[in-house]
Amino acid sequence: MNAIEIKNLTKTYPGFYLDHLNLTLPSGCIMGLVGENGAGKTTTIKLILDMIHKDDGFISVMGKDHLENIRLLKENIGVVLDEAGFPECLNAAEVNTIMKNTYHNWDTAAFEDYLRKLSIPREKQFKEFSRGMKMKLSIAVAMSHHPKLLILDEATSGLDPVVRNEVIDMFNEFTRDENHSILMSSHIVSDLEKICDYIAFLHKGKLLLCEEKDILLEEYGVVHCTCEQLRELPPSAVKGKKESAYGAEAIVKRDAVPSGWTLSPITIEELFVFMIKEAE
Amino acid sequence: MKGLLWKDFYMAMKYCRMNMLLIFIFAAGAVFSDNLFLLFYPIMMAGVVPISLISYDEKSKWNVYAGVFPYSKEELVSVKYIIALLFLAFGTLVIGIAMLVKMGLSGNYDWRSYGMLMIVMPSAGLVSPCILLPSVFRLGVEKGRVIYYAVLILVASLFGILGFMEENAGIAAAGNLSITGIGAVLVLLLFDAVILAGSWILAVRIYNRKEI
């Protein structure tokens, strides 16, 4: 069963068009949504959660049309948005009471455990929290009702590197259960590279690519050479390039490059940046 | 729904302390004055508590965040109406106690007028949240504030004028507002039910169309 299946999803805003998006997140996997600001990542997430209305297309979550029983679905989904929106006067202890009366599966012991692990104070008001602390509380809330699917929109932004690593370990731990899946958008592509099984690139509302991360890393490489040497490569091999007075750098498809060329491994971030530039 | 009620309860206890203090001050003032405005003001303050809560929801972006939790849109709307009713009941209780004290001090136990007052006041107080909630759900508090102040000024002026006109009539003023008999009470209760149901249905429709 797929955790999320999106077919031909469209949504129009003034100045934005989500163009027939097709995505599949298999159960037990982590998918990273990568895209520049305004690429359509948050729109996609809000459409999945029925926070905004789709123009057309089909979304299924855990095997069911997402509109069939959205309340029941949300019982099994943990969500972190780019801004945690708890009223500023509340503290973590009060959030626990609210959530205990919101989710059927709310686990106070698990919540208290996350508060301890993430060093979130119980009695401090939300308005006194730093951005990172707010995100941590939001993550604790998203994970304390034993969801099967986590949807994370920029969940690691605002966290310092140490906490970011801890949180990423928590997400990794979460997907040890093969019924658990994560859809995660982030600007910090290195985070996605660490934990994602699948990577999807969105650019101006269009899906540029959706592939297994390992396949992407195997399929593509980086060439460092002179501008003249670059022109010797078959055009079909070059997926993106950057030329300067000091030389050239290009993203290439490994199997299309003639033998004898030296290729360096690529990072997802490099691939993303080159592909976006090429798309423009 | 229980979770939403807890959230609004915590918020009301922290953000609306001043409203509650003013309810007590005006109710205390009504004990020593015959001005109807002093009686109506606590009710009016109680009725706008849900609007204040929506304003804080918007400020903290809870109005967006709420969309990730298993709440139906009807629940997200209904909780504000429940808060309005709870606070109206609280305001009515406070002025009810104030009027009992007033009757005790004057020795004039006019139970008929007292009963009328206890029905007329919350009924009138219901009007402002029923007008404001759909408009605030539609436009947001910032833009809905214009309607908010218009309703506030209109109702306050109305009761201010009535207060001056009936200055010497005391509690009997409420009884004199052409509402007498059980029939009038039923008409008033029917009016409450219609305005409340109409406002709720409209607010739910607005919220269902809304993108958050």
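Reader: What share of the contacts in chain B with a separation of 6 or more comes from residues 24 or more positions apart?
Author: The share is 85%. A contact here means two residues whose C-beta atoms, placed from the backbone, lie within 7 Å. The model is predicted, so local features need pLDDT of at least 70 and side-chain atom pairs count only at pLDDT 80 or more, while totals for chains, interfaces and linings use all residues. Residues are numbered from 1 along each chain as its sequence is written, and chains are lettered from A and ligands numbered from 1 in the order in which they are written.

Reader: What makes up chain B, in helices and strands?
Author: Chain B has nine helices and zero strands. Helices are DSSP runs of H or I with at least four residues, strands are E runs of at least two, and both are numbered from the N terminus. Along the sequence the pattern is α-α-α-α-α-α-α-α-α.

Reader: How much of chain B counts as buried?
Author: Of its 212 residues, 41% do. Buried means 20 or more other C-beta atoms within 10 Å of the residue's own; 12 or fewer makes it exposed, anything in between partly exposed, with C-beta atoms placed from the backbone.

Reader: Why is E88(A) classed as it is: buried, exposed or partly exposed?
Author: E88(A) has 18 C-beta neighbours inside 10 Å, so it is partly exposed. It sits in the loop between β6 and α3 of chain A.

Reader: Which residues does E88(A) touch?
Author: Leaving out residues up to four places away in sequence, E88(A) touches Q125(A), F126(A), K127(A) and S60(B).

Reader: Which residues of chain A form the side that touches chain B, by class?
Author: That side has 13 nonpolar, five polar and six charged residues. Ala, Val, Leu, Ile, Met, Phe, Trp, Tyr, Cys and Pro count as nonpolar; Asp, Glu, Lys and Arg as charged; the others, Gly among them, as polar. The contact takes 24 residues from chain A and 22 residues from chain B. Helices α2 (70-75) and α3 (92-100) of chain A each supply at least two residues to the chain A side. The most comes from α3(A), with four residues.

Reader: How do you know where the domains of chain A begin and end?
Author: The bounds come from an automatic or database domain assignment. That assignment gives domain 1 (2-213) and domain 2 (216-279). Their centres, taken over C-alpha atoms, are 33 Å apart. The contact takes 14 residues from domain 1 of chain A and nine residues from domain 2 of chain A. On the domain 1 side, α7 (189-195), β9 (198-203) and β10 (206-212) of chain A each supply at least two residues. By class, that side holds seven nonpolar, two polar and five charged residues.

Reader: Why are β6 (77-80) and β10 of chain A called edge strands?
Author: Each has a single partner strand, so one side of each is left without a neighbour in the sheet. Strands pair if DSSP finds at least two bridges between them. The open sheet has six strands in the order β6-β7-β8-β3-β9-β10 (chain A), with mixed pairing. Its twist averages 15° from one strand to the next.

Reader: How do you know that β3 and β8 of chain A pair?
Author: Four bridges join β3 (residues 30-35) of chain A to β8 (residues 181-185) of chain A, and the two run parallel. The pairing rule is met, because it asks for at least two. One facing pair is I30(A) and I182(A).

Reader: What makes up the sheet that holds β12 of chain A?
Author: Four strands do, in the order β12-β13-β11-β14 (chain A), and the pairing is antiparallel. β12 (238-244) and β14 (264-265) of chain A are at the edges, each with a single partner strand, so one side of each has no neighbour in the sheet. β11 (residues 220-225) of chain A and β14(A) pair over two bridges. V222(A) stands opposite S264(A).

Reader: Which residues touch the most other members of the largest nonpolar core?
Author: M31(A), M184(A) and A200(A) do, in a core of 134 residues. Such a core is a set of buried Ala, Val, Leu, Ile, Met, Phe, Trp, Tyr and Cys residues joined through C-beta atoms within 7 Å. Helix α7 (residues 111-165) of chain B gives the most to this core, with 13 residues. In soluble globular proteins, nonpolar side chains tend to be buried together.

Technical notes:
Axes are lines fitted to C-alpha atoms, for helices over the stretch in contact, and angles run from 0 to 180 degrees between N-to-C directions.
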